Amino acid sequence: MTPTSSASAPLRVAVVGLGWAGQQHIAAYAANPDVDLVAIAGLEDAPRAELAEKFGIPVAVADWQELFSSTPLDAVSVAVPTFLHAPIAIAALQRGIHVLSEKPIARSAAEAAEMVSAARTAGRVLQVAFNHRQRGDVRALAAEVASGALGRIYHVRASWLRRSGIPALGSWFTSRELAGGGPLVDIGVHMIDAVLDLMGEPRVLSASAVTHAEFGPRGLGGPDAATGGKQFTGSAFDVEDFATVLLRLEGGASVALDTSWASYRPEGDEFGFVVYGTEGGAELRVVDYAPATDVPLYAGTTEAVADRVLPGGVPAGHQGVVDEFVRTIRTPALWAASDGSIAARRAAIIDACYRSAAEGREVAVEDVEAEVAR
Ligand SMILES: NC(=O)c1ccc[n+]([C@@H]2O[C@H](COP(=O)([O-])OP(=O)(O)OC[C@H]3O[C@@H](n4cnc5c(N)ncnc54)[C@H](O)[C@@H]3O)[C@@H](O)[C@H]2O)c1
């Protein structure tokens with residue numbers, strides 16, 4: 001197992017995957033003075049060469065399997081199609097390399113559990129890029145909730161909705177086998193993550209979900225792979241393009257989530273959540289990835305309204321994710337708690353949602369977790 005490089009030398013880091021996500025990791029590492037970005041891997045020749053030149057990256061290989069033998073590494077970002085998250089992360093962890101995986105952690109709770117187990121065995125960090133929980137406006141709202149200003153949060157209504165945003169028809173995204181699911185596992189997972197983080201990580205007891213596939217199977221609702229800049233895998237559309245979910249949490253609170261890649265609604269891409277607390281509420285609404293948005297807060301009484309606006313804060317996104325990953329690697333006391341288990345809990349919730357939708361009943365999340373543990 002490779003030892004992490006000395007505290008004085010920058011961390012030697014690689015990024016696997018050169019799509020939109022991988023390029024966010026590359027730019028964020030390049031901006032972190034504690035990192036030496038030594039290698040990238042990705043199948044596309046032209047972007048690989050351009051990125052290596054632009055960022056002065058000495059090693060640039062096509063397949064991830066070539067990466068670990070070609071250069072010593074302290075850490076790797078895994079920003080590839082979801083079916084490759086587990087094999088790459090586990091191979092890295094077994095070599096003592098810390099891992100930052102893109103979301104979702106994996107296609108299923110079972111794969112996620114294998115990744116967590118590999119991190120624990122290796123005694124290395126496994127984090128997952130939940131960049132939206134790092135947004136300045138989300139952090140500002142989370143601080144407001146943590147301060148108790150909104151009282152006890154009893155319900156959150158979250159959504160991430162697109163009119164025509166299937167990432168690419170015929171790409172890995174639209175294949176259950178390659179992606180694990182549709183918008184619920186792709187963008188809904190961000191909302192589940194941010195909301196549970198905001199609420200202080202309560203246990204999710206059960207999930208009830210309904211999924212629909214109304215546009216993708218007709219070849220509607222998004223670009224084809226070539227137009228969308230994605231590799232064509234020839235995948236039939238066998239995931240949902242809309243999901244609606246109700247989660248019951250310990251202590252009686254609830255979370256509702258609607259998520260779509262395609263639906264008749266205003267143009268664009270919109271996500272956010274409405275928070276209902278006993279002493280106040282809030283509405284966070286982000287349209288077309290605005291980097292920061294003010295958050296209206298509702299409080300007071302009918303006689304004395306005390307509404308105000310929370311300023312949007314400083315945009316963070318992937319830079320925040322990468323900086324936190326680097327800080328965690330530099331703080332060995334944090335490694336044991338950074339084993340990917342929070343992201344694995346998200347995977348169990350999503351498995352429970354898909355099972356609920358398939359079987360037409362409410363599913364206990366602990367049943368999914370117990371099956372995975374067997
Ligand atoms: N956090 C976010 O906001 C966000 C946004 C988009 C995507 N993502 C996640 O990032 C991951 C990648 O998504 P994307 O949209 O960038 O995908 P993409 O299809 O655009 O890019 C995938 C990249 O992986 C590379 N790849 C595939 N097989 C490989 C192999 N065997 N060896 C090396 N490289 C290989 C491809 O060459 C390509 O560069 C997914 O898990 C997705 O869910 C996260």
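Which residues does UniProt list for "domain: Gfo/Idh/MocA-like oxidoreductase N-terminal"? The unreviewed entry lists residues 11-130. UniProt positions are given here in the numbering used for this chain, feature names are shortened, and annotations may be inferred rather than shown by experiment. The model is predicted: local features need pLDDT of at least 70, side-chain atom pairs count only at pLDDT 80 or more, and totals for chains, interfaces and linings use all residues. Residues are numbered from 1 along each chain as its sequence is written, and side-chain values use heavy atoms, with hydrogens and water left out.

Start with that span. Residues 11-130 are 42% helix and 24% strand. Their end C-alpha atoms lie 22 Å apart. Helices (H or I, at least four residues) and strands (E, at least two) are DSSP runs, numbered from the N terminus. UniProt also places "domain: GFO/IDH/MocA-like oxidoreductase", again from an unreviewed entry, at residues 139-282. Here the chain is 19% helix and 32% strand. The end C-alpha atoms of residues 139-282 are 13 Å apart.

Now look at two spots within residues 11-130. Ile 97 sits in the loop between α4 (85-94) and β5 (98-102). Is Ile 97 buried or exposed? Ile 97 is buried, because its relative accessible area is 3%. Buried means under 20% relative accessible area, exposed means over 50%, and partly exposed lies in between (1.4 Å probe, protein chains only). The C-alpha atom of Ile 97 is 6.8 Å from that of Val 76, although the two residues are 21 apart along the chain. The second spot is Pro 104, in the loop between β5 and α5 (109-122). A cis peptide bond joins Lys 103 to Pro 104, with omega about -15 degrees. Most peptide bonds are trans.

Next comes helix α6, residues 136-146. Its buried residues are Gly 136, Asp 137, Val 138, Leu 141, Ala 142, Glu 144 and Val 145. What covers them? The cover includes α8 (183-198) and the strands β7 (153-162), β11 (269-277), β12 (280-287), β13 (295-299) and β14 (308-310). Contact here means heavy atoms within 4.5 Å. After α6 comes Gly 148, whose phi is positive, near 90 degrees.

Several of those strands belong to a sheet. In it, 9 strands run in the order β14-β13-β12-β11-β7-β10-β9-β8-β15. The sheet is open and its pairing is mixed. Two strands pair if DSSP finds at least two bridges between them. The edge strands are β14 and β15, and each pairs on one side only. Follow β8 (residues 204-212). With β9 (residues 242-249), β8 pairs in the antiparallel sense over 8 bridges. Ala 207 stands opposite Leu 247 of β9. With β15 (residues 363-364), β8 is again antiparallel, over 2 bridges. There, Ser 206 stands opposite Ala 364.

Two loops hold a further feature. Glu 201 lies in the loop between α8 and β8. Its phi is near 60 degrees, a positive value in a residue other than glycine. Asp 288, in the loop between β12 and β13, has a positive phi near 50 degrees. Most residues other than glycine have a negative phi. Glu 201 counts as partly exposed because its relative accessibility is 22%. Asp 288 is also partly exposed, at 47%.

Finally, consider the empty space. Rolling a probe the size of a water molecule over the atoms shows where it is left. On a 1 Å grid over the protein atoms alone, a cavity is a set of points where a 1.4 Å probe fits but cannot get out; a pocket is an open set with protein on both sides within 12 Å along at least five of seven lines; lining residues have an atom within 4 Å of a point. Grid points are joined across faces, edges and corners, and a volume is the space filled by probe spheres set on the points.

The structure holds 3 cavities of 30 Å³ or more. The largest has a volume of about 80 Å³. Its lining includes Glu 201, Arg 203, Arg 345 and Val 365. Helix α10 gives the largest share of that lining, 3 residues.

The second largest pocket holds about 370 Å³ of space. Of its 17 lining residues, the closest to its centre are Gln 127, Val 128, Arg 133, Glu 324 and Ile 342. The elements giving two or more residues to this lining are β6 (126-129), α9 (317-329) and α10 (341-359).
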